[in-house]
Amino acid sequence: MENHTVSITSLPLGDNPIPNNIIKKADLLPDPESRLDSMEMKEKPLGDTAIPFRDLTDVASKKESIARIIDKLDVENSIRYQKTIEDTYCNVYSYDYCYFSKVYLPTVWWKPEFLEKVLQGQEIEAVFEQTVDRIYSSAIHDWFLEWGASFGWKRMFTVDEIQNKVNANGGIGIICAKRKIKGLSGHIVPVIPENDSNKAYRENEKVVYPLQSQAGKLNYNYFSEVRKDWWNDALYSSHVFYYHE
């Protein structure tokens, strides 16, 4: 879901690169009702045991298993990610992609009063619509700046840099853009390793449009040129690039 952005906390303008060892994941448990062929339970991890996790053995196994995750999630056809009259589901797809890649990206996050308690060191259980609520793409942009480093994310500054890191290490890349008008759609998209069939678009040997996979108004298992540099659209006030091993 891209719209109805919620505020997660008061954030600085710049990023916070110093990890916080007190902050905790806001994790819900997988649910058998959270499925690729259903629109229900999007706030919970998929309960489908047939979906592979990223194999962290080496670079080759990471990249091969990422390709299998993309194929299995099948964002172009899976009901879970199809747009509705009310919403699109870029954040749900990005969350699922990161979840099966063994990297933390929130699909729910602590409500402000419970975030404060977590930061005081209290043990708080993630309970949907009580202690945690959905977090959408514009708020995830801010989450990266405030909390990304605490969960192993490293900020990048060019698409060439992030594509090269993803290719070289089989890691996880994200582009996230914040909408200028509060409450309207931002966007979040994984940057994925190139393979024999799917490539980033380069000019003068530099990546101009990275290889990506998205849910949105249109869903693509793989794309690069078709959406150009979407993150620079005038609709967005800011964008960030982040990478995780």
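These are my notes on the cores, one helix contact and the aromatic pairs of a predicted model.

**Cores.** I looked up the largest nonpolar core first and found 50 residues in it. Leu73, Tyr81, Trp109, Trp110, Trp143, Phe144 and Trp153 have the most contacts inside this core. Among the elements that give it two or more residues are helix 1 (59-73), helix 4 (137-147) and strand 10 (236-244). I then noted a second, separate core of 17 residues, which includes Val159, Ile175, Val191 and Trp231.

**Trp110.** I listed its contacts, leaving out residues up to four places away in sequence. Trp110 touches, among others, Lys24, Lys25, Ala26, Leu115 and Val132.

**Helix 1 and helix 5.** I checked how these two helices pack: the angle is about 110 degrees and the axes are 7 Å apart. Helix 1 is therefore roughly perpendicular to helix 5. Helix 1 contributes Val59, Lys62 and Lys63 to the contact, and helix 5 contributes Asn167, Ala168 and Asn169. By class, I have two nonpolar, two polar and two charged residues there.

**Aromatic pairs.** I found 19 in the structure. Phe53 and Tyr99 form a tilted pair, 5.7 Å centre to centre with 55 degrees between the planes. Phe53 lies in the segment before helix 1 and Tyr99 in helix 2, 46 residues apart. Phe53 also forms a tilted pair with Phe100, at 5.0 Å and 50 degrees; these two are 47 residues apart. For burial, I have Phe53 as partly exposed at 39% relative accessibility, Tyr99 as partly exposed at 24% and Phe100 as buried at 1%.

**Cluster.** I recorded one aromatic cluster formed by Tyr104, Trp109, Trp143, Phe144, Trp147, Phe151, Trp153 and Tyr242.

Conventions. Residues numbered from 1 in each chain as written. Predicted model: local features only at pLDDT ≥ 70, side-chain atom pairs only at ≥ 80, totals over all residues. Heavy atoms only, no water. Core = buried A, V, L, I, M, F, W, Y, C linked by side-chain atoms within 4.5 Å. Buried < 20%, exposed > 50% of the residue type's maximum accessible area, 1.4 Å probe, protein only. Helix = DSSP H or I, 4+ residues; strand = E, 2+ residues; numbered from the N terminus. Contact = heavy atoms within 4.5 Å. Axes fitted to C-alpha atoms, helices over the stretch in contact; angles between N-to-C directions. Parallel < 35°, antiparallel > 145°, perpendicular 65-115°, else oblique. Nonpolar A, V, L, I, M, F, W, Y, C, P; charged D, E, K, R; others polar. Phe/Tyr/Trp six-rings, centres within 6.5 Å; stacked < 30°, edge-to-face > 60°.
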